[in-house]
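Student: I'm new to this structure and would like a close look at one part of it. Could you take the salt bridges and walk me through them, then show me some of the surroundings?

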Amino acid sequence: MTTLPPPELPVNPGGTGGATGAGGTTDTGGAARAGRAESIVPPPVCEPSSSLNVPSPTESPSFPGQLISSQSSLDDSGDDSIHSDKSTTIWNSLSLSRFTRSTAFLVSFIVHVFLLLILAVLFLQPEFVGQSGIAIDAVFDRTEKVELQVLPNDRSLSEGTVQTEADSVDTSTEDVESIAVPTTSPVEVKAEPPRPLSEMISAATSEMATEVFRNSSVSQRQGDQRAGAAAANGGTRESEEAVENGLKWLIAHQNGDGSWNLQFRNRECGPGCDFEGREGDYQPSATGLALLCFLGAGYSHREGPYQPELRKAIYYLITRIEYDETGEVGNLTGISEHAMYNHGIATLALCEAYQMSRDKDLEKPVRALIQYTVKAQHDVGGWGYSAATPGDLTISAWQVMSIKSAYSAGIRVPSDVMRRFDRFMDTQQSGGGAYYGYRGPGKQPGTTAMGLLLRMYRGWFRTDPRVLEGMNYLEKTGISNTDVYFNFYATQVFFHQDGPAWTKWNKEVRDFLVKSQAQRGHEAGSWSMTDSFSKVGGRLYCTCMSILTLEVYYRYPPMFREITADSFEF
């Protein structure tokens, strides 16, 4: 992405200011000149006096130089006082002209200095110095490309509806939040009436909030691209082996109907393969988490070594969808008090499966699920445990990621959905946006990592002082030996930040996960942690979140690096 330079300031056409004499006050006294006994009132400068026998000029002077030239044609033998007083009048005229031009120049100078100060405040950011004392260069990468467009004031989609690209011949994105991939072809620029500076800044900021949503390419997950991305972004042979071993453990604990469950034990499990999660109808979310791990590694029901198993998993989720009477809205909430966890995670998995495979059989189910997500949003902008209830940050994050993935696959959402979510984020922040809470303003490591990641996806640059302050807090907190949820979100924040902070964080979290993976028995390839969330999710949950963390190198491209033509749009 390329940061646009500020527009060049126009050069002031006026000349430099001259003397500002007392224009309008003429010194006609003879005392100022030695030897003068009396003063003579001169006739008007531009009107000849008959007593002086001065012929009338053929044309009126149009500028001061011409005025002086005409005056110099007066008879040198005339009265000296008349000649002197005419010169004084001419000088006063010149002074008034120069004063006018000086004032215009001064006003122009002040206005441009003010504009330069505004641009300096907008574009100059401080350095982020973390716990390690290594500063991140706080300037925008010259590879960043940003298109600034004005967000629409209205939209053609009705409230709570979604569209696919095939729904209409008109592929205009004026009614949704989207940014086209930058191209090198010339763009026609149409003249628009000038707008107030505050309105221009607001529009640009709002549009930048949609810019990074397109950065959802999945092509780097597959084949040789995955290996290249892992090597380039901090992965190792050991971390990739840990991912593959984790996927094998998941396959060994898949149910016969294609699903996964937090209660994962089967007849093959030995005494060490324990630490199950909570009982209940969590199969949609457990299946979604496991499916995301395979998709993150580049494997789908159409590609890779696990096609039959993944086909069964996708079929299981599709058959669990409950449609309304119209058949256009469907949910995967299940029979659970944590309904929107089920729906959000399972929907994200199906959206990514559709995005990767472009399987037309998945389009209708995905569209129906996103339709339900839109309708389930609370008025404040978040998502809660049930549809249309006050939201919390953790549940809302899964819904936003599923919307982003669906849009990348060509399914459009009303722009108001994300605008409301931005307002919801404002209700969860503290410290001006550097820290975040669970259900309201707060300052906890897990929710702060989650909030910063979502803010970056919504357009906050990595050099934003709020992002840097929050990251400083995360770095001081350090990786967790028990909280895989925190590690999952914080690792993504540092990955997109890039630079020395990412290098340090990545080494610690990567090596910890590789070393803490089970190596023996039927539990080999899995993880188990002891924090409160891990106890609820159990070994299957911990394994999925750890695999997803180790796939950070290629699940999505770094947010602030150059976006290539194969990047999907949002």
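Tutor: Here is a walk through the salt bridges, followed by a few other places worth a look. Please keep in mind that this is a predicted model.

The structure holds 17 salt bridges. Side chains of opposite charge can pair when their charged atoms come close. Let's begin with R539 and D274, whose closest N and O atoms are 3.2 Å apart. This pair links distant parts of the chain, as its two residues are 265 residues apart. R539 sits in helix 16 (residues 532–550), while D274 belongs to the loop between helix 5 (237–252) and helix 6 (283–296). R539 is buried because its relative accessible area is 6%, under the 20% cut-off. D274, at 37%, counts as partly exposed.

Next, find helix 11 (residues 415–428), which holds both R419 and D416. These two form a salt bridge with 3.4 Å between the closest N and O atoms. They are three residues apart, so about one helical turn separates them. R419 is partly exposed at 22% relative accessibility, and D416 is partly exposed at 25%.

Helix 15 (residues 500–516) carries another pair, E508 and K504, four residues apart, or about one turn of the helix. Their side chains meet in a salt bridge at 3.3 Å, N to O. E508 has a relative accessible area of 35% and is partly exposed; K504 is partly exposed too, at 31%. Elsewhere, R221, E352 and R555 are joined into one network by salt bridges that share partners.

Now for the surroundings. S480 lies in the loop between helix 13 (465–477) and helix 14 (484–497). With a relative accessible area of 13%, S480 is buried. Its side chain reaches the backbone nitrogen of D483 at 2.7 Å. Leaving aside residues up to four places away in sequence, S480 touches F486, N487 and F512.

The largest nonpolar core has 117 residues, and among the members that touch the most others are L247, W398, Y489 and L540. Helix 8 (residues 339–357) gives this core its largest share, eleven residues. If you zoom in on Y489, you will find it touching A397, W398, A449, M450 and L453, again not counting residues up to four places away in sequence.

Finally, turn to the surface, where F105, L106, F109, I110, V113 and L117 form a nonpolar patch with about 570 Å² of accessible area together. F109 lies in helix 2 (residues 80–123) and is partly exposed, at 48% relative accessibility.

Conventions. Residues numbered from 1 in each chain as written. Predicted model: local features only at pLDDT ≥ 70, side-chain atom pairs only at ≥ 80, totals over all residues. Heavy atoms only, no water. Core = buried A, V, L, I, M, F, W, Y, C linked by side-chain atoms within 4.5 Å. Buried < 20%, exposed > 50% of the residue type's maximum accessible area, 1.4 Å probe, protein only. Contact = heavy atoms within 4.5 Å. Polar contact = N/O pair within 3.5 Å; in protein donor to acceptor, adjacent residues only side chain to side chain. Patch = residues over 30% accessible without salt bridge, like charges linked within 9 Å, V, L, I, M, F, W, Y side chains within 5 Å. Areas by Shrake-Rupley, 256 points an atom, 1.4 Å probe, with all protein chains shown as cover. Salt bridge = Lys/Arg side-chain N within 4 Å of Asp/Glu carboxyl O.
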